[in-house]
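Here's a quick tour of the structure you have open. Take a moment to spin it around, then follow the notes below.

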Amino acid sequence: MADVKMSRFIAEVPIEKDGVNFIAAFHTMTTSLIVVPEAVWATIRNDPGRAQAEIVEALLQQGVLHRTATDEDAILAAYKQQIVHDFSVIKTKTLITRLCNNACSYCIVNPESSSMTHETALAVDRFCFELARKKRPRQVEDLYSGGEALLSPSILLESASRRYNYYTGWGIQYGFSIITNGTLITPEIASRLKEVGLSSLRVSIAGPASVHDSLRPLKDTDRNGGKSYDLILKNLEAIPGAEIPIFVQTQYDSSSDDYLLVPKMMDDFKQRGIAVYNVAFTPIMARRDETIYTGMTGDPAKLLFLMKEAEKRGYRQFHSPPANACMADIRSRITFDTDGSIIACASLQSGEMVYGHVTKGFDFVAESQLLPRKFPERCITACALLPRCWGGCRLNALARGEDFNGIDCQAEALWLILEEHIKQQALAALPSGNASMEREVA
Ligand code: SF4
Ligand code: SF4
């Protein structure tokens, strides 16, 4: 079987188990993982036609090998189109208000005072229902955010109830999350939201008190001396985490050593019995105007350190391969601004990159201009990460003075995380002792 070639979307990681050296090979598009002894991999890699027929057959099925005539550009293009136009799961983000009671020093957007009215919230929900009626999704996942979403609790509750009743009435799997700074959440609000589909709370905490309170002070300096950390942790202590999973989102300044203090925040959760389900980390992004946070991603080893510290404390980090796609690339990911505009990203100012309105529908011309990205040659021909990355966050490109279709390459960080994921999955898949070839093709 000589007419085979290796896919270009393979990430290879050497691993060792029970004194035997293996190669774990992961396909970044199909997410298939194979683990074979090093010598076998050398044959597959250098001259796949010489590998055993049953191995070649298995690798063809997994997409690791292709027939020589296969056009992998065509596969990539079809795969991307499937993602872009797939409406089986619709995910929306609704900016309930742009008001915020915090004064975070790294907030990416300038403060604005607009809030969603009851009429606009109803129009947004009707737009969502009409879309679901046309597209027949299997599942809808909504996210309410701000500003601080809990500054508009009645709009939030009203909209969430409407959506819950509509989607569950139609047999659509439904749940929603809120992103909050955690200063206003109470067990009463949480339990009322839980009754209408709240599936998780996403709370932004930037580290232990010494770090968090300087990065994320309260706007009202008379309240608690402007300090929010203890207030948030007390609020979270009262939330029944077993019923409502709490996800903490931590942004760290990659140009400072403060990230070394972040494990203390996770220790605090444990000591205070706060049932945090998981913690995610992202570096603070530069604002588009004046910014003191120019570190951007910084050294990816800092991110890896934080992820490993989280994992030590039971917060799973590497269970899925990294994905870096931008919501603005996918038609079924929709963001509504407070005035009912459909905008490309929740971290833009009002009126920016608008491609529709709930009363008029999508502006297909504007939407079509958003979808394409300007991939450099290295992404298209030389990077196995493309099916997981798709060019990354457009805002970072914008912050660098490029445009919204630009590329934000986080290759180093993505590789580190992907390698760790592959290692963990491969070691878990390999049986102990000297495995037979059949069992090694995991
Ligand atoms: S531009 Fe960045 S922040 Fe905005 S949707 Fe895309 S990835 Fe998310
Ligand atoms: S942006 Fe970077 S990580 Fe993403 S596909 Fe291009 S080269 Fe790869």
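Let's start in the middle: the largest nonpolar core has 103 residues, and those with the most contacts inside it are Ala 24, Ala 25, Leu 201, Ile 246, Leu 306 and Ile 422. Keep in mind that this is a predicted model.

**The core**
- Helix 15, which covers residues 411-429, gives this core its largest share, 6 residues.
- Both domains pitch in: domain 1 (4-70 + 415-440) and domain 2 (82-362) each provide at least three residues of this core.
- What does Leu 306 touch, once you leave aside its neighbours within four places in sequence? Its contacts are Tyr 252, Tyr 259, Val 262 and Phe 281.

**The overall build**
- If you're counting elements, the chain has 16 helices and 15 strands.
- The radius of gyration is 24 Å, close to the 22 Å that the globule rule gives for 442 residues, so the chain is as compact as a globular protein of that length.
- Measure along the principal axes and the C-alpha trace spans about 70 × 50 × 45 Å.
- Of the 442 residues in the chain, 37% are buried.
- Take the contacts with a separation of 6 or more: 71% of them join residues 24 or more positions apart.

**The two domains**
- Domain 1 comes in two pieces of sequence, 4-70 and 415-440, while domain 2 is 82-362.
- From C-alpha centre to C-alpha centre, domain 1 and domain 2 are 37 Å apart.
- Where they meet, domain 1 puts in 7 residues and domain 2 puts in 6.
- On the domain 1 side of that contact, you'll find 3 nonpolar residues, 3 polar and 1 charged.

**Around ligand 1**
- Look here for Cys 326, Met 327, Ala 328, Cys 345, Ser 347, Cys 393, Arg 394 and Leu 395, the residues around ligand 1.
- What's the mix of residue types in the shell around ligand 1? It splits into 6 nonpolar, 1 polar and 1 charged.

**Around ligand 2**
- The residues surrounding ligand 2 include the cysteines Cys 379, Cys 383, Cys 389 and Cys 409.
- Also in this shell are Arg 378, Leu 385, Leu 386, Gly 391, Gly 392, Ile 407, Ala 411 and Leu 414.
- Which helices each supply at least two residues of the shell around ligand 2? They are helix 12 (377-382), helix 13 (386-389) and helix 15, the helix you met in the core.
- By type, the shell around ligand 2 has 9 nonpolar residues, 2 polar and 1 charged.

Key: Residues are numbered from 1 along each chain as its sequence is written. Chains are lettered from A and ligands numbered from 1 in the order in which they are written. This is a predicted model: local features need pLDDT of at least 70, side-chain atom pairs count only at pLDDT 80 or more; totals for chains, interfaces and linings use all residues. Domain bounds come from an automatic or database domain assignment. Two residues are in contact if their C-beta atoms, placed from the backbone, lie within 7 Å. Ala, Val, Leu, Ile, Met, Phe, Trp, Tyr, Cys and Pro count as nonpolar, Asp, Glu, Lys and Arg as charged, and the others, Gly among them, as polar. A residue is near a molecule or strand if its C-beta atom, placed from the backbone, lies within 6 Å of it. A nonpolar core is a set of buried Ala, Val, Leu, Ile, Met, Phe, Trp, Tyr and Cys residues joined through C-beta atoms within 7 Å. A residue is buried if 20 or more other C-beta atoms lie within 10 Å of its own, exposed if 12 or fewer, and partly exposed in between; C-beta atoms are placed from the backbone. Helices (H or I, at least four residues) and strands (E, at least two) are DSSP runs, numbered from the N terminus. The radius of gyration is taken over C-alpha atoms; the globule rule is 2.2 Å times the number of residues to the power 0.38.
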